Amino acid sequence: MMKTSWWQRFIPHSSFSQTVVLIGCLLLTNQIVSYISVAVYFIKPSYQQINQLIARQIKLLFIDGVEVGREHLSMVDALNAKVRDDGIRIYNQKQAREAGVNKATYYSYFSSQMSEYLGGPAEVRIAQGAEFQIWIRPPQAPSIWVKVPLHDISEQNLSPLTLYLMVIGALSVAGGWWFARKQNSPLKRLQTSALAVSRGEFPKALPLTGSSELVAVTKAFNQMSYSMEQLEHDKALLMAGISHDLRTPLTRIRLASEMINSQDEYLKEGIAHDIEDMDAIINQFIDYIRQDQSSNHEMAQLNDIIKDVADSEANRKGSIEVELADLPMIPIQIVAIKRVISNFVENAFRYGNGWVKISSQFNGKQVGFSIEDDGTGIDEAQIPKLFEPFIQGDSARGSIGSGLGLAIVRRIVDRHQGKVILSNRKEGGLHAQVWLPQE
């Protein structure tokens, strides 16, 4: 058996998940490439133009020099007086710290670009808040800071690029999810119908939708399901004909045996017993073919079915013990499940020593019942073969019947999506356990 690599554990296994992941990776790559392209070819040139304009304004402040007259207390006051735009302000180091320059973020790319435009080492910081602010420390006067507000740019408002990428990304993911679901819905229907056919149910023909490969597979499945349904119908019709044809001569034999004189009473009883066995075998054949498919699932209490079986078997020679737990209602075919319990109880009395125990269980997810006897049990190697048609246990369990009883039980339990387990008791005898889903 090949070992699974650690990275293979994180790879989705279903076709739907793989399709969604593939589309998601393609969309993510497309978004990254689009963002980089827009940033390089649109956003970067825009910021370069903004830096150039700001650099020109700063150069204009120092182009004629700065004269500090009597009307100005400092260079900062003189520069503020030269600013034509009221939005641009000049601060000394102390004033800049009070105005929030230390809270602004340093950008090396913009700083190097501004240094190139101003002809010396410059520092650029950007503060984002209610107002987008650019702080520049020019090389002409390293002791001052120039604050340039940009009123049209704000962190609180989404940029058109970001909004565009978010909308396109959301629509692309939604479209990819819809496409993957559309492509995989026929596979889901095919899986559900295949499970139904495996339980002996034959749903209506599936619609031919999806890709050409899916249409071909669905068409082949519909043909297979139709052929199996016809085969089951022919088998049931054949068995009904055989049953009718056999019961007619059996009835004549029974009538003929009634005419036997009293001196051959033992012969009459033997013929009647053989006719009853043959009739029971014919009924088993019919039950195996029919599988109670006409019966519908309905909510029922399993304990009530167990009590009915125990009451009907109370007159047998021996003792029957019942131990019931608190069980929820579950959807089952009542007649079919009653047949399962009756079959196990019949086998328990037939092959045991007169003691039979019926009990019910609930493990939180499944409802179960078990039947135990005190017989000699059966070889462990023979247990898996008991559920095959026309297969009986070894001589320890006898050889009466046609060998269809447990095959019928297995089909009924499979139709209920349950499981049946046979095992030998430590005390001696056989333990039959059946689990049925709660929903």
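User: Hi! How do strand β10 and β12 pair, and over how many bridges?
Analyst: Strand β10 (residues 366–373) runs antiparallel to β12, and the two pair over 7 bridges. Keep in mind that this is a predicted model.

User: Noted. Which residue in β12 does V367 stand opposite?
Analyst: V367 faces L436 in β12.

User: And what about strand β11, in which sense does it pair with β12?
Analyst: Antiparallel again: β11, residues 419–424, is joined to β12 by 6 bridges. One of the facing pairs there is N424 and L430, with L430 belonging to β12.

User: How many residues sit between the strands in that hairpin of β11 and β12?
Analyst: There are 5 residues between them, and among these G428 has a positive phi near 110°.

User: So β12 has a strand pairing with it on each count we've discussed. Is β12 largely enclosed or open?
Analyst: Largely enclosed by the rest of the structure, because 7 of its 8 residues (430–437) are buried.

User: Nice. Staying around here, which residue does E372 form a salt bridge with?
Analyst: E372 bridges to R425, and their closest N and O atoms are 2.9 Å apart. This contact links distant parts of the chain, since E372 is in strand β10 while R425 is in the loop between β11 and β12, 53 residues apart.

User: Are E372 and R425 buried or exposed?
Analyst: Both E372 and R425 are buried.

User: Which residues do salt bridges that share partners join into one network?
Analyst: That network is made up of E313, R316, E346 and R350.

User: Let's zoom in on E346 and R316. What is the N to O distance in their salt bridge?
Analyst: It is 2.2 Å, N to O, between the two side chains. This pair also links distant parts of the chain: E346 is in helix α9 (residues 334–351), and R316 is in the loop between α8 (302–312) and β7 (319–323), 30 residues away.

User: How accessible are they? Start with E346.
Analyst: E346 counts as partly exposed because its relative accessibility is 25%. R316 is partly exposed as well, at 31% relative accessible area.

User: How many salt bridges does the count come to?
Analyst: The count is 9. Among them is the one between the side chains of R137 and E123, at 2.6 Å from N to O. It ties together two strands, with R137 in β4 (residues 132–137) and E123 in β3 (residues 123–127), and the two residues are 14 apart along the chain.

User: Why is E123 called buried?
Analyst: Because E123 has a relative accessible area of 12%, and buried means under 20%. Its partner R137 comes out at 27%, so R137 is partly exposed.

User: Changing topic: which residues form a nonpolar patch on the surface?
Analyst: L28, I32 and I36 do, and together they have about 290 Å² of accessible area.

User: Where is the place of I36?
Analyst: I36 is in helix α1, which covers residues 15–62. With a relative accessible area of 48%, I36 is partly exposed.

User: One last residue. Where does N30 lie?
Analyst: N30 lies in helix α1. N30 is partly exposed, because its relative accessible area is 41%.

User: And how far are the C-alpha atoms of N30 and G169 separated, what's the value?
Analyst: They are separated by 9.4 Å, although the two residues are 139 apart along the chain.

How values were computed
Residues numbered from 1 in each chain as written. Predicted model: local features only at pLDDT ≥ 70, side-chain atom pairs only at ≥ 80, totals over all residues. Heavy atoms only, no water. Patch = residues over 30% accessible without salt bridge, like charges linked within 9 Å, V, L, I, M, F, W, Y side chains within 5 Å. Areas by Shrake-Rupley, 256 points an atom, 1.4 Å probe, with all protein chains shown as cover. Salt bridge = Lys/Arg side-chain N within 4 Å of Asp/Glu carboxyl O. Helix = DSSP H or I, 4+ residues; strand = E, 2+ residues; numbered from the N terminus. Buried < 20%, exposed > 50% of the residue type's maximum accessible area, 1.4 Å probe, protein only. Pairing = 2+ DSSP bridges.
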